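Colleague: I should like to learn how the features of a protein model are read. Might we take them one at a time, with the general idea before the particular case?

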Amino acid sequence: MAAKQLNIFTGKRKTANARTRIALGSGKILINGKNYTEYFCNRAALIKVVEDALRITGNFGKYDVFANVRGGGVSAQADAVRHGIAKALIAENQDFRIALKRNGFITRDSREVERKKYGRSGARKLFQFSKR
């Protein structure tokens, strides 16, 4: 008998990676083993970002979400979790794809920090010019 395969979906944003899994349940959302409101320190904007994909598809409170997040800052982590939830919901039901695509939750935000170049003080900024 084959072992049951766990569907883990990876959401990404900047350098944050979220490994997300959903299951039918009571609606709890755990991030790195903590409740998501506790993990994001009750910051309403980040909590809303995590809930967005579930609310738009009308599944808030119907699925349990388990996510492990690494890297990046808290804002990028919230976006990575949302991306992972959206991918998991599409795997669960293809009908959710239209609503999630319309709101831009499926598309990976590919913007990354530009690297610092030599001879400059940052990626683009030059050192201060002095004529004398």
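Modeller: Certainly. Strands of a sheet pair through backbone hydrogen bonds, either parallel or antiparallel. In this predicted model, strand 3 (residues 29-31) pairs with strand 5 in the parallel sense, over three bridges.

Colleague: Which residue of strand 5 stands opposite Ile29?

Modeller: Ile29 stands opposite Val65. Further along, Ile31 has Ala67 of strand 5 as its bridge partner.

Colleague: In which sense do strand 2 and strand 5 pair, parallel or antiparallel?

Modeller: Strand 2 and strand 5 (residues 63-70) run antiparallel and are paired over eight bridges. One position to look for is Ala18, whose bridge partner in strand 5 is Val69.

Colleague: How many bridges join strand 1 to strand 2?

Modeller: Five bridges join strand 1 (residues 9-13) to strand 2 (residues 16-24), and the two strands are antiparallel. Arg13 has Ala16 in strand 2 as its bridge partner. The two strands form a hairpin, with two residues between them.

Colleague: What should be noted about the backbone of Lys14?

Modeller: Lys14 has a positive phi of about 50 degrees, although it is not a glycine. Lys14 is placed in the loop between strand 1 and strand 2. Its relative accessibility is 41%, so Lys14 counts as partly exposed.

Colleague: Which other non-glycine residue has a positive phi, near 55 degrees?

Modeller: Asn42 has such a value, with phi near 55 degrees. Asn42 is found in the loop between helix 1 and helix 2. With a relative accessible area of 61%, Asn42 is exposed, because the class of exposed residues begins over 50%.

Colleague: Let us return to the sheet. In what order do its five strands lie?

Modeller: The five strands form an open sheet in the order 1-2-5-3-4, with mixed pairing. Strand 1 and strand 4 (34-35) stand at the edges; each has a single partner strand, so one side of each is left without a neighbour in the sheet.

Colleague: Which helix lies across strand 1, strand 2, strand 3 and strand 5?

Modeller: Helix 3 (residues 74-92) lies across those four strands, and it runs at about 145 degrees to strand 1.

Colleague: How does one describe two helices that pack together?

Modeller: Two packed helices are described by the angle between their axes and the distance between the axes. Here the axes of helix 2 and helix 3 come within 8 Å and cross at roughly 10 degrees. That crossing makes helix 2 roughly parallel to helix 3, because angles under 35 degrees are placed in that class.

Colleague: Which residues make the contact between helix 2 and helix 3?

Modeller: On helix 2 they are Leu46, Val49, Val50, Asp52, Ala53 and Leu54. Helix 3 contributes residues including Val74, Ala78, Val81, Arg82, Ile85 and Leu89. By class, the contact of helix 2 with helix 3 has 11 nonpolar, one polar and three charged residues.

Colleague: Is Asp52 buried or exposed?

Modeller: Asp52 has 13% relative accessibility and therefore counts as buried, since the limit for that class is under 20%. Asp52 lies in helix 2 (residues 44-56). Leaving aside neighbours within four places in sequence, Asp52 is in contact with Arg82 and Phe105.

Colleague: Which residues of the largest nonpolar core touch the most other members?

Modeller: Of the 32 residues in that core, Ile31, Val50, Val81, Ile85, Leu89 and Leu100 touch the most other members. The elements that give two or more residues to this core are strand 2, strand 3, helix 1 (36-39), helix 2, strand 5 and helix 3. The largest share, nine residues, comes from helix 3.

Colleague: What does Val50 touch, not counting residues up to four places away in sequence?

Modeller: Val50 touches Ile29, Tyr36, Phe40, Ala78, Val81 and Ile85.

Colleague: Where is Asn103 found?

Modeller: Asn103 is found in the segment after helix 4 (97-102). With a relative accessible area of 41%, Asn103 is partly exposed. Asn103 and Arg19 are 84 residues apart in sequence, and their C-alpha atoms are 21 Å apart in space.

How values were computed:
Residues are numbered from 1 along each chain as its sequence is written. This is a predicted model: local features need pLDDT of at least 70, side-chain atom pairs count only at pLDDT 80 or more; totals for chains, interfaces and linings use all residues. Side-chain values use heavy atoms; hydrogens and water are left out. Buried means under 20% relative accessible area, exposed over 50%, partly exposed in between (1.4 Å probe, protein chains only). Contact means heavy atoms within 4.5 Å. Two strands pair if DSSP finds at least two bridges between them. Axes are lines fitted to C-alpha atoms, for helices over the stretch in contact, and angles run from 0 to 180 degrees between N-to-C directions. Angles under 35 degrees count as roughly parallel, over 145 as roughly antiparallel, 65 to 115 as roughly perpendicular and the rest as oblique. Ala, Val, Leu, Ile, Met, Phe, Trp, Tyr, Cys and Pro count as nonpolar, Asp, Glu, Lys and Arg as charged, and the others, Gly among them, as polar. A nonpolar core is a set of buried Ala, Val, Leu, Ile, Met, Phe, Trp, Tyr and Cys residues joined through side-chain atoms within 4.5 Å.
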